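Reader: I am in my first year and would like a close look at one part of a protein model. Could you take the empty spaces enclosed inside it, and then follow the residues around them outward to the charged pairs and the surface?

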Amino acid sequence: MDFNEYQKDFIESIRNEAAISETDAEDEFIDRTLDILAEFDEIQDPIRLYFGKTRKNQAKMQINGYAFDETDHSLILFISDFENSLNPSNLTSTQIDKLYWMMYNYLDEVYYGDISQYCDDSDDCLKLGKLIKKRFDAMNDDPNLLLKIKFYILTDKNIGTRLLDADLLGNDPLNKTKRKSTKTNKKIKKSEFAGKPLEINIWNTERFYELETLNSNEPISIDFKEDFNYEGIPCLKGNIGENLGYNAYIAIIPGKLLADIYIEYGSKVLEGNVRAFLGTNAKKGVNRGIKNTINTEPTKFFTYNNGVAATAADIELETKNGELLITNVVDLQIINGGQTTATLAEAVLKKSENMELKGIYVPMKITVIEDRETEDEDGVRFYDSMVQNIANYANSQNKVTAADLFSNDPFHIWMEKMSKKILAPAVKYNIPTGWYYERSRKKYVREQEQELNRNGRDAYNRFGKKFPKKQIINKEQLAMYLTTIKCKPNVVSKGKNWVFKEFGTQIKKEYRENNAIFNEFYFKKCVAAAIVFRSVDGYLESNKDSAKKHTGFWYTAGGYKSDIVPYSIAKILSTIPYGYDIDWEKIWQNQSISNAFMHEIEIVTKMTNDFICDSHGVIVHEYCKKEDTWLKYKSEVPYKPSASFLDELIPISMQIEKEQAAVKEQKETNELQVLMDMFNLGTKLWNKVLLEGINRKIISYQEQSAVRQIITMINTGNIPSTKSGKLPTKYKNTVNTALDAKSKVEAEGLLNDLL
C-alpha cells in the first residue's frame with residue numbers, strides 16, 4: 001500500500017467508524033491516532049480529555065488529551081487539527097503557531113493563572129490542572145517532578161518541504177546548533193515554559209503511514225557534529241570475527257553528550273521493554289550513588305560506573321588525527337544503563353551543582369545489528385535474541401529485567417504455538433477458528449503476507465478465515481486480561497507497560513518453575529478471559545451515547561471505559577462465593593458469555609462508573625490507579641450477584657480436577673518431547689558427549705551409562721512409549737541423567753561445533 005492509498009483508507013475508515021457509532025469524525029480521528037502512538041510506544045497511556053475555553057484576555061485555550069512519560073519526566077499535551085478531507089491542504093506555520101498558543105495558554109492558565117474559573121469542581125480538566133501544577137512545583141528529589149513539556153499536534157494535513165525548511169517558532173536553549181531539515185524531522189523547538197524545555201511534535205497522516213507500514217518506531221538518526229556539535233565518539237572496533245550478523249565497538253562518550261541525547265529524544269532512546277521497566281522506580285540507592293559521583297567525584301565516574309550497553313542499526317566511522325570516531329548512528333537503543341543515562345539528563349535539567357557534567361565520561365558498548373528481519377524456526381528474530389542476551393548478560397548498575405519479557409521468551413513462544421494448534425468451536429464462524437497470539441508487533445500481518453508470497457491469494461484468504469482479525473490477542477492484551485481476572489483492576493488502569501511488568505515478572509517465574517501448568521486448559525482460560533473483557537468493552541462501546549444519538553444511555557463517548565471495564569469484571573469476580581468459580585471452559589465452548597453474566601455486567605458497569613466519578617478531587621483515571629481505590633470499591637460498595645448468575649458457577653474442586661488432569665497430561669507430553677529433542681540431536685553429538693566426558697573425567701559412570709542408552713535408542717530407532725503415547729517411568733531418569741552429562745560437556749565449550 002502506497003501513501004495515497006493509505007491516506008484515502010485512513011480518512012474513509014474514520015468516516016465509517018463515525019457513521020456506525022454516530023459520533024463526530026474528529027473524535028474517531030483522535031482515538032485512532034492516539035491508539036497508533038500508544039501501540040508503537042511513542043507515548044504511554046494517553047488520556048482523552050477535551051478542554052476548550054477563551055481566557056479573559058480573549059486568548060483561546062484548548063487541549064484534546066494528555067499523557068505523562070515517567071521515564072523522562074515529561075508532560076505531553078495533545079491538540080487536534082482535523083480537516084477530514086481526501087485532498088487535505090498543507091499545514092502552515094501560522095496554523096502551527098495558533099495550535100501552539102492554544103496549548104500554551106491552557107498551560108499558562110494552569111500554572112500562572114486560575115484554571116478553576118473555567119471548570120466545574122468535578123471537571124477532570126480542573127483536576128489535571130492541579131496535578132500539573134503540583135508536579136511542576138515538586139521537590140528536586142520527587143520522582144513526579146516534571147522536567148520537560150511536549151506539545152503534540154495531531155493532524156490529517158500534509159507537511160510541505162517549505163514548512164520543514166523554515167526556522168519555525170524559535171530556537172532550542174539546550175542545543176544552539178542549527179539542525180538539518182529532513183522529510184521526517186517534524187519536531188520543533190519552542191524555547192521553554194517555566195524554565196522547562198518545550199518542544200512541538202507534529203504527527204500527520206504521512207508520519208502515521210511511515211510508522212504503520214514500517215511496523216516499528218521511527219528510528220533515531222544522530223549526526224553528532226550537526227546535532228550536538230561533537231566531532232564524534234572515540235571508539236575501538238572489536239575484532240570478534242566475520243559473518244556473525246553484528247559488529248561490536250567499545251566507546252567512551254562524554255556524559256554531557258549522553259545527557260543531551262536523552263534530553264533531545266527522551267525515552268525513545270530506551271529500548272521499549274527497558275523503558276517499560278525503568279519508569280520512576282529505579283532503586284534509590286543506585287540513583288543516589290550516581291548523583292553523588294556526578295556532583296562530588298565527576299572524574300571518577302568512568303571508573304565507578306559500569307557504563308551503557310546499546311545497539312544500533314548502522315553507524316558511520318571516520319579517522320581523525322589517528323583516532324577512530326563514530327560520527328553518525330542510526331536507531332540508537334540503550335539496552336542497559338538506562339538509569340545512568342536518565343540520571344545524567346536529570347542533573348542537567350535540574351541544574352545540579354555539576355549541571356555541565358564536566359569531567360564525566362561514560363564507557364559504552366555498541367553492538368551494531370543490521371539484520372532486523374531474519375527469524376529462526378520458532379519465529380524469533382535474530383535482533384530480538386541479540387538484544388535479550390545483551391540485556392541479560394550486561395552488568396549494569398541498574399539491572400533491567402525487561403528483556404526477559406521480549407516476544408521470544410519461552411512463554412510467549414508457547415502461547416503462539418498453542419494458538420495455532422487449538423481451534424475454537426465453530427460457533428461464530430462456519431469453521432473452527434484460531435485465536436491468534438501475536439507475540440510481536442504486526443506478526444499476524446507478516447505471516448499472512450508470507451502465505452501470499454509462498455502459496456498465493458487462496459492461502460492468504462484461508463489464513464484470514466482460520467485466524468479472524470477479531471480473534472488476535474497480543475501479549476500486552478493478554479497481560480491486561482489475566483491481570484483483570486486476578487482482580488487487580490488498579491494495575492490495569494496504570495496502562496499496558498505497568499500491567500506487562502507485573503504480569504511478565506510473575507509469568508516468567510511460573511513458566512520456569514513448572515511449565516506443565518501451561519497446557520490446553522490454561523490456553524482456553526486465557527481466551528475465555530479475553531472474551532469476558534471484550535464483552536464488557538463491546539457492551540459500553542455499542543451502547544454509548546453521543547452528541548448525535550441522544551439515547552439517554554449513561555455511558556458517553558470519551559468516558560472512562562479503560563477503567564470501568566477492569567473494575568467491573570474484578571468487582572463481579574470478587575463477589576463469587578468461596579469455593580466456586582466461573583466456568584471458563586463453558587465460555588470457551590460457547591465463545592461468548594451467558595445472558596446471566598451479561599446482566600451482571602449491565603448492573604455493575606453503571607455502578608462502577610458512579611463510584612469512580614466520585615474521585616474526591618483527583619483525576620478519575622489517576623484515582624483508578626490507586627490500590628486503595630480498588631480496595632474501597634471491593635469492600636465498601638454493596639453488590640450481590642443474581643441467583644441466575646450464581647447458578648452457573650462451578651465448584652472450584654471441579655475446576656482444580658480439570659487443571660490437575662491437564663497438568664498431568666502436559667507433563668507427560670513434555671517428557672516425551674524432551675526425548676524426541678534428544679533424538680534429533682543425533683548420535684554424533686551424543687558420542688562426543690560420551691568421549692569428551694570420559695576423557696576429561698567430567699561425567700560419572702551413571703551418566704556414561706545413560707548416554708549409551710540414548711545412543712542405542714537413536715541407532716535402533718526405538719522410541720520408548722506406552723500405549724497411550726507417554727514416556728515410560730523407567731526411562732525418565734535415563735533422560736534426565738543424560739541431559740546432565742550433556743550440560744557438563746557443553747559448559748566446557750566442547751560441543752560448540754555441533755550445536
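Author: What follows begins with the cavities, moves on to the salt bridges, and ends with some residues of the loops and the surface.

Please keep in mind throughout that this is a predicted model. Rolling a probe the size of a water molecule over the atoms shows where empty space is left. In this structure there are 3 cavities of 30 Å³ or more, and the largest cavity holds about 60 Å³ of space. The residues that line the largest cavity are Thr71, Asp72, His73, Leu147, Lys148, Tyr262, Ile263, Gly266, Ala342, Ala345, Glu346 and Leu349. Two elements, helix H8 (255-265) and helix H12 (338-349), give two or more residues to this lining, and H12 gives the most, with 4 residues. Sorted by class, the lining of the largest cavity has 6 nonpolar, 3 polar and 3 charged residues.

The second largest cavity can be read in the same manner. About 40 Å³ of space lies in the second largest cavity, and its lining is made by Met415, Trp435, Tyr437, Ile473, Leu478, Phe523, Cys526 and Val527. Helix H20, which covers residues 520-543, gives the most to this lining, with 3 residues. By class, the lining of the second largest cavity has 8 nonpolar residues, with no polar and no charged ones.

One residue of the first lining leads on to the charged pairs. Lys148, which is among the residues that line the largest cavity, has a side chain that meets the side chain of Glu199 in a salt bridge, at 3.7 Å from N to O. Because Lys148 lies in strand E4 (residues 148-155) and Glu199 lies in strand E6 (residues 196-203), the pair ties together parts that are 51 residues apart in sequence. Lys148 is buried, with a relative accessible area of 4%, and Glu199 also counts as buried, at 3% relative accessibility.

Turning to the rest of the chain, a search of the whole structure finds 33 salt bridges, and two further pairs deserve a careful reading. In one of them, Lys443 forms a salt bridge with Glu416, where the closest N and O atoms are 3.0 Å apart. Lys443 belongs to helix H15 (residues 443-455) and Glu416 to helix H14 (residues 410-421), so this pair ties together parts that are 27 residues apart in sequence. Lys443 counts as buried at 7% relative accessibility, and Glu416 counts as buried at 4%.

The other pair sits within a single helix. Lys127 forms a salt bridge with Asp124, and the closest N and O atoms of the two are 3.6 Å apart. Because Lys127 and Asp124 are 3 residues apart in helix H4 (residues 124-136), they are separated by about one helical turn. Lys127 is buried, with a relative accessible area of 6%, and Asp124 is buried as well, at 5% relative accessibility. Salt bridges can also join into a network, as they do among Lys225, Glu231, Glu318 and Lys320.

Two residues in loops call for a look at the backbone. Most residues other than glycine have a negative phi. Asn229, however, has a positive phi of about 60° although it is not a glycine, and Asn229 lies in the loop between helix H7 (224-228) and strand E8 (233-237). Asp331, also a residue other than glycine, has a positive phi near 60°, and its place is the loop between strand E12 (323-330) and strand E13 (333-336). As for their surroundings, Asn229 is exposed, with a relative accessible area of 52%, whereas Asp331 is buried, with a relative accessible area of 16%.

Finally, we come to the surface. Ile252, Phe302 and Tyr361 make a nonpolar surface patch of about 270 Å². Tyr361 is found in strand E14 (residues 361-368), and it counts as partly exposed because its relative accessibility of 42% falls between the limits of 20% for buried and 50% for exposed. Ala661, in helix H27 (residues 652-681), is likewise partly exposed, at 47% relative accessibility. Ala661 and Ile517 are 144 residues apart in sequence, while their C-alpha atoms are 10.0 Å apart in space.

Conventions. Residues are numbered from 1 along each chain as its sequence is written. This is a predicted model: local features need pLDDT of at least 70, side-chain atom pairs count only at pLDDT 80 or more; totals for chains, interfaces and linings use all residues. Side-chain values use heavy atoms; hydrogens and water are left out. On a 1 Å grid over the protein atoms alone, a cavity is a set of points where a 1.4 Å probe fits but cannot get out, and a pocket is an open set with protein on both sides within 12 Å along at least five of seven lines; lining residues have an atom within 4 Å of a point. Grid points are joined across faces, edges and corners, and a volume is the space filled by probe spheres set on the points. Ala, Val, Leu, Ile, Met, Phe, Trp, Tyr, Cys and Pro count as nonpolar, Asp, Glu, Lys and Arg as charged, and the others, Gly among them, as polar. Patches are made of residues with over 30% relative accessible area and no salt bridge: like charges are joined within 9 Å, nonpolar side chains (Val, Leu, Ile, Met, Phe, Trp, Tyr) within 5 Å. Accessible areas come from the Shrake-Rupley method with a 1.4 Å probe; for residues, only the protein chains shown count as cover. A salt bridge is a side-chain nitrogen of Lys or Arg within 4 Å of a carboxyl oxygen of Asp or Glu. Buried means under 20% relative accessible area, exposed over 50%, partly exposed in between (1.4 Å probe, protein chains only).
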